[in-house]
Amino acid sequence: MARAKVAIVGAGNVGASVAQWAAAKELGDIVLVDIIEGLPEGRALDLWESGPICGFDLKIRGSQGYEATADSEIVIITSGVARKPGMSREDLLRVNQNIVESVVGEVVRWSPDCTLIMVTNPLDTMSYLAWKVSGFPKNRVVGQAGVLDSSRFRAFVAEELGISVEDTQALVLGGHGDEMVPLPRYCTVSGIPITQLLACDRIQKIIDRTVNAGGEIVKLLKTGSAYVSPGAAVAEMVEAILRDKKRIMPCSAYLDGEYGLKDIYFGVPAKLGACGVEKVIEVELTEEERGFMERSAALVRRSISSLNL
Ligand code: NAD
């Protein structure tokens with residue numbers, strides 16, 4: 001059987017990390033694309049040369065053009081800029097809108113049947129944009145946010161309880177960034193809700209740290225933002241789709257009435273398999289949780305409406 005092909009647009013920190021995790025899992029041949037001359041080629045060569053040590057045997061190449069990405073099963077979009085001092089959210093949106101529009105146009109031309117995984121921020125807005133520009137059905141455009149946010153929550157719960165991260169499960173929904181909605185009632189340790197294991201104030205501390213986890217890393221790194229964990233989160237989604245695992249993962253998916261929301265990309269639990277987002281799963285919410293989701297959705301909606309479509 002022919003190996004799958006995975007293209008990654010943007011060979012910066014997150015793009016390179018996705019490539020590394022995807023190679024380690026032998027998910028498929030990898031093509032990295034970037035506008036910076038030499039960067040995707042150099043990163044691809046460096047990773048490929050680790051194959052004999054790490055035990056993966058894949059084609060890994062870098063390119064400035066899209067021809068190399070032709071007929072990819074999955075394309076991950078990480079190209080974009082991060083917010084710099086003095087740059088408003090609207091400025092960032094405009095810059096990344098231009099980048100994402102041009103990139104998605106090329107991707108679709110060369111891989112009309114691919115599934116797109118969006119990473120560029122603002123995540124839910126860029127996922128909506130990619131869906132619009134691509135003309136793809138909603139199941140074939142999905143954004144990565146919740147897998148990462150839930151992983152962070154899980155790590156903090158494990159640390160707080162002095163237990164293995166393996167036994168923690170978490171559900172972080174809503175928009176990516178400050179507007180995320182962690183749902184402690186659905187966070188468990190081997191099936192036991194954390195609400196039975198931790199006092200309210202400890203849970204609130206974990207929620208606050210999760211919401212600010214991206215910023216915590218930015219502050220420590222001083223230049224750039226998290227990329228190892230975002231890369232791992234994306235690779236897990238790629239694996240679920242390529243290997244048709246039917247995994248339930250929180251991701252940014254197009255909603256058409258689910259959770260009372262329409263025409264928006266928003267973080268919800270979804271079944272990921274060969275057809276991409278195969279189902280959005282609706283969980284019961286209390287009045288308070290619903291309020292958090294609605295507030296989060298209003299922020300995402302405001303960002304989407306400022307897109308120049
Ligand atoms: P980075 O600056 O290291 O990499 C971005 C790369 O995109 C650069 O190499 C740049 O040359 C490239 N690029 C810019 N315009 C391009 C174009 N038109 N075509 C091809 N490549 C182009 O940044 P990073 O740390 O890798 O982050 C990338 C994006 O991912 C940012 O928007 C960041 O905010 C976002 N991000 C999202 C999550 C998430 O959970 N969704 C997590 C981390 C980062």
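A salt bridge here is a side-chain nitrogen of Lys or Arg within 4 Å of a carboxyl oxygen of Asp or Glu. The model is predicted.

**Exercise 1. Apply the salt-bridge rule to Lys246 and Glu278, then place the pair in the chain.**

Step 1. The side chains of Lys246 and Glu278 meet at 2.9 Å, N to O. The cut-off is 4 Å, so the pair is a salt bridge.

Step 2. Lys246 sits in the loop between H9 and strand E12 (247-256). Glu278 belongs to strand E14 (residues 276-280). The two are 32 residues apart, and the pair links distant parts of the chain.

Step 3. Check exposure. Lys246 has 38% relative accessibility and is partly exposed. Glu278, at 25%, is partly exposed as well.

**Exercise 2. Is each partner of the Lys25 and Glu239 salt bridge buried or partly exposed?**

Step 1. Take the distance. N to O, the side chains of Lys25 and Glu239 are 2.9 Å apart.

Step 2. Locate the partners. Lys25 is in the loop between H1 and strand E2 (29-33), while Glu239 is in helix H9 (residues 228-242). They are 214 residues apart.

Step 3. Compare with the limits. Buried means under 20% relative accessible area. Glu239 has 11%, so Glu239 is buried. Lys25 has 28% and is partly exposed.

Step 4. Widen the view. Lys25, Glu239, Arg243 and Lys245 are linked in a network of salt bridges.

**Exercise 3. Which helices does the salt bridge between Glu159 and Arg209 tie together?**

Step 1. The closest N and O atoms of Glu159 and Arg209 are 3.3 Å apart.

Step 2. Glu159 lies in helix H6 (residues 146-161) and Arg209 in helix H7 (residues 200-211), so the bridge ties together parts 50 residues apart in sequence.

Step 3. Glu159 is exposed at 58%. Arg209 is partly exposed at 33%.

Step 4. For the whole model, the count comes to 14 salt bridges.

**Exercise 4. Describe the surroundings of the ligand.**

Step 1. Count the shell. It holds 24 residues, the closest being Asn13, Val14, Asp34, Asn121 and Gln144.

Step 2. Sort them. The shell has 13 nonpolar residues, 10 polar and one charged.

Step 3. Assign domains. Domain 1 (5-143) and domain 2 (146-305) each give at least three residues to the shell.

Step 4. List polar contacts. A ligand oxygen is 2.8 Å from a polar backbone atom of Val14. A ligand nitrogen is 3.1 Å from a polar backbone atom of Val119. A polar side-chain atom of Gln144 lies 2.9 Å from a ligand oxygen.

Step 5. Finish with cover. The protein covers 85% of the 860 Å² of accessible area that the ligand has on its own.

Definitions and conventions: Residues numbered from 1 in each chain as written. Predicted model: local features only at pLDDT ≥ 70, side-chain atom pairs only at ≥ 80, totals over all residues. Heavy atoms only, no water. Near = heavy atom within 4 Å. Polar contact = N/O pair within 3.5 Å; in protein donor to acceptor, adjacent residues only side chain to side chain. Areas by Shrake-Rupley, 256 points an atom, 1.4 Å probe, with all protein chains shown as cover. Nonpolar A, V, L, I, M, F, W, Y, C, P; charged D, E, K, R; others polar. Domains from an automatic or database assignment. Helix = DSSP H or I, 4+ residues; strand = E, 2+ residues; numbered from the N terminus. Buried < 20%, exposed > 50% of the residue type's maximum accessible area, 1.4 Å probe, protein only.
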